[in-house]
Amino acid sequence: MGVGRRMKKQGPPPPLDESLVTKKRKAPLPENGVAKKRRTSGEELETRSTIALAGKPANPGLKQSTKGSFGNGNKGQAKKKNAAVKESAVGKPRAQTTPVSREELDEEVSDDEDGIDDPDIMEDELEGVAVGGLDALSSSDDEDLVGADEFLDSDSDVMDSDTETRRGMWSDEDDEDAEEKLTAANIVGLSGRLDAQTAQDDLDAQAELEEDAMRTNIAGDRPKILADSDNDSEAGGTKLAPDLQLLRTRITDTIRVLDDFAKLAEEGRSRAEYTAQILKDICAYYGYSPFLAEKLYNLFPPREAFAFFEANESLRPVVLRTNTLRTHRRQLAQALINRGVTLEPVGKWSKVGLQVFESQVPLGATPEYLAGHYILQAASSFLPVMALAPQEHERVLDMAAAPGGKTAHIAALMKNTGCIFANDANKNRAKSLIGNIHRLGAKNTIVCNYDALEFPKVIGGFDRVLLDAPCSGTGVIAKDASVKTNKTEKDFMRLPHLQKQLLLAAIDSVDHASKTGGYIVYSTCSVTVEENEQVVQYALNKRPNVKLVSTGLTFGKEGFTSYMGKTFHPSLKETRRYYPHAYNVDGFFVSKFKKIGPTAANATGAHVGAGNGVKADAADGEVDHTPVTDGEEQADDFGGFDDEEDQVYIERARKTSLRRKGTDPKARRSGAKANGTTDKAKDVPKVTEETVATSNGDAKADATE
């Protein structure tokens, strides 16, 4: 049994016949996109026809149009084309047609075909003739050969490929010819052209950089800030929503100009114009009133002011203070970490603060919070108590104590020894004060509800006094954004007046002879000079028996010693300012006074009382309490007083006061007459023991008044 066909090995493939493979080549186009037509003479056509009849392959590289009439099967148009080709073969020039674009040329180029020059031979005589090598080609190639007839007559941009005379546009032969043409005679001209081209490229690159600099305001240009804003104001007939990105870009450009005004300012423009423009943009971008924006902007250089406004748009970190009366910071941190709280110490300057980054539980409802182990308190609120530095067994007054964070901090530093008077004028706020004191375990605290201005009369002789005065809140804008618009010039006149009175009352409430104390700390959550440095300067002027001392705080910026033409005492550099953009805490001001002597009785706002340190002896000046006599009254520039006319007003005011208290003025007068104690001059009843015992409820109320 013989070997099957499957066992026979296939032999090697036959050698490749190069005549069967054509070169794929695209004719390049010149720079203008139009190729020059190459005329073919009659002799060349006859030569090619003879080669085709002899069965030899024609010149490779001839491209045909796929859009020709033969491709569409139109025989009439094909014969017409052939006649035109015959005329061109005997020397008659072919008609000029519209040049073909590069896109159309790419569509008309076909792959792997042989070129035949004479369409007559291709159509009439090529049939039945065995051409060597063409039998191996596919039927699609035969169809392409038929379409070549139309290509010869069309004025296509594709040129005939002649291997002997044609070369590619970027061939190595062209480079060799260019090198051969470079001679000593033309080297100067060629190098000059190269230099000129290089210079032009550099100019183009520089122009592009300048254009980019104009768009992005790179250093070295002069931004057209005021001109653009003028155009916007003229074009803005209807008010539209501002472009925030444009406003921010203009703010940064204006700041850059103000930093280097001599180089970057527009010609003929003043610094005041740029300042007015940036204030206008700040009001539009951040939502401040023009008054407050200008007041805050004047506190800083332009770039720092921008950082301050930007910092007020983000909240400060959540901070809690460890209550050392109940736990330690390490134990509290471990307990909160176990509950899924991410935290770390607030800084080296505090031993009780913890900054919270993330919490999986509400910090105001944890068992540790309810047990009084900590209180949520801003980091800036630690600073006044740290500056006060209360000692054990001292008497301390907190004049504005609610909601109780600072009071509990003082109690923790004093370790529940001594006595703390926590006062607040608002009775509703005093409720939260009491709740926090109980929760945090402060046992040495007395809560009272007095007007802080009355405190030197109520009780005095304290070792230390903390006055965290009510203020405008310009340091806590991140918490309360309404401050941006609801603060007016009137507020910055009313609040400093109240703060000055409170500070004088705090100074008078301190015992200068205290062995361990005699200190007053004045703080606000505001950054304006009117509420801080000016109030401190007023206290120094009205109370020469106090001086500023160091706060003992390890960080913070010094207070102003001069501001917008105003000069303050040099010791104000002992005060400390805190900004949100600088320390990531709320805006705050802290100052510390030391009382070195008693307050004079004739001093402004001095209150003579037990233990308040007010000296009333004759050495410091006597106060004449003698009533004004008739002679002096006649010499009055106002012409004296009319007692009868004044009595009418006094009586009317008395009745109004009684009505407000819920007492009938007529019933009071009748009751007084019944008791026989009416004083017609003063109209005040005289109360005796018998009257009190026998009078009714109205009479008892009258006696109390």
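**Exercise 1. Find the side chain that makes a polar contact with the side chain of Lys406, and decide whether Lys406 is buried or exposed.**

*Solution.* Start with the partner: in this predicted model, the side chains of Lys406 and Asp468 are joined by a polar contact of 2.9 Å. Next, place the lysine in the fold. Lys406 belongs to helix 17, which covers residues 405–414. Now turn to accessibility. Buried means under 20% relative accessible area, and Lys406 has 13% relative accessibility, so Lys406 counts as buried. Finally, look at the surroundings. Setting aside neighbours within four places in sequence, Lys406 is in contact with Gln377, Ser381, Pro384, Val385, Asp398, Leu466 and Asp468.

**Exercise 2. Work out the strand order of the open sheet formed by four strands, and explain why one side of strand 2 and of strand 4 is left without a neighbour.**

*Solution.* Take the order to begin with: the strands of this open sheet are arranged 2-3-1-4, with antiparallel pairing. Strand 2 (341–345) and strand 4 (374–376) are at the edges and have a single partner strand each, so one side of each lacks a neighbour in the sheet. From one strand to the next, the twist averages 35 degrees.

Then follow strand 1 to its partners. Strand 1 (residues 318–322) runs antiparallel to strand 3 (residues 353–359), and four bridges join them. Two positions let you check this on screen: Leu320 has Leu354 as its bridge partner in strand 3, and Val318 stands opposite Val356. With strand 4, strand 1 pairs in the antiparallel sense over three bridges; here Thr322 stands opposite Tyr374.

Last, ask how well covered strand 1 is. Four of its five residues are buried, so strand 1 is largely enclosed by the rest of the structure. Helix 14 (residues 329–338) lies across strands 1, 2, 3 and 4, and runs at about 155 degrees to strand 2.

**Exercise 3. Compare the directions in which strand 9 pairs with strand 8 and with strand 15: which pairing is parallel and which antiparallel?**

*Solution.* Begin with strand 8 (residues 464–468), which pairs with strand 9 in the parallel sense over five bridges. A handy landmark is Val465, opposite Ile520 in strand 9. Move on to strand 15 (residues 588–595): six bridges join strand 9 to strand 15, and these two run antiparallel. The landmark here is Tyr519, whose bridge partner in strand 15 is Lys594. To finish, consider burial: five of the six residues of strand 9 (residues 519–524) are buried, so strand 9 is largely enclosed by the rest of the structure.

**Exercise 4. Name the residues with the most contacts inside the largest nonpolar core, then list what Phe593 touches.**

*Solution.* The largest nonpolar core has 62 residues, and those with the most contacts inside it are Ile282, Tyr288, Leu296, Phe309, Leu503, Tyr522 and Phe593. Now zoom in on Phe593. Leaving aside neighbours within four places in sequence, its contacts include Leu503, Tyr519, Ile520, Tyr522, Val536, Leu540 and Val549. Apart from the largest core lies another, of 27 residues, with Phe382, Leu383, Met414 and Ala442 among them.

**Exercise 5. State what share of the protein chain is buried, and how many helices and strands the chain has.**

*Solution.* Of the chain's 705 residues, 41% count as buried. The secondary structure comes to 28 helices and 17 strands. For a last step, consider contacts between residues at least 6 apart in sequence: 72% of these join residues at least 24 apart.

Notes:
Residues are numbered from 1 along each chain as its sequence is written. This is a predicted model: local features need pLDDT of at least 70, side-chain atom pairs count only at pLDDT 80 or more; totals for chains, interfaces and linings use all residues. Side-chain values use heavy atoms; hydrogens and water are left out. Buried means under 20% relative accessible area, exposed over 50%, partly exposed in between (1.4 Å probe, protein chains only). Contact means heavy atoms within 4.5 Å. Two strands pair if DSSP finds at least two bridges between them. Axes are lines fitted to C-alpha atoms, for helices over the stretch in contact, and angles run from 0 to 180 degrees between N-to-C directions. A polar contact is a pair of N or O atoms within 3.5 Å; within protein, one must be able to donate a hydrogen and the other to accept it, and residues adjacent in sequence count only if both atoms are side-chain atoms. A nonpolar core is a set of buried Ala, Val, Leu, Ile, Met, Phe, Trp, Tyr and Cys residues joined through side-chain atoms within 4.5 Å.
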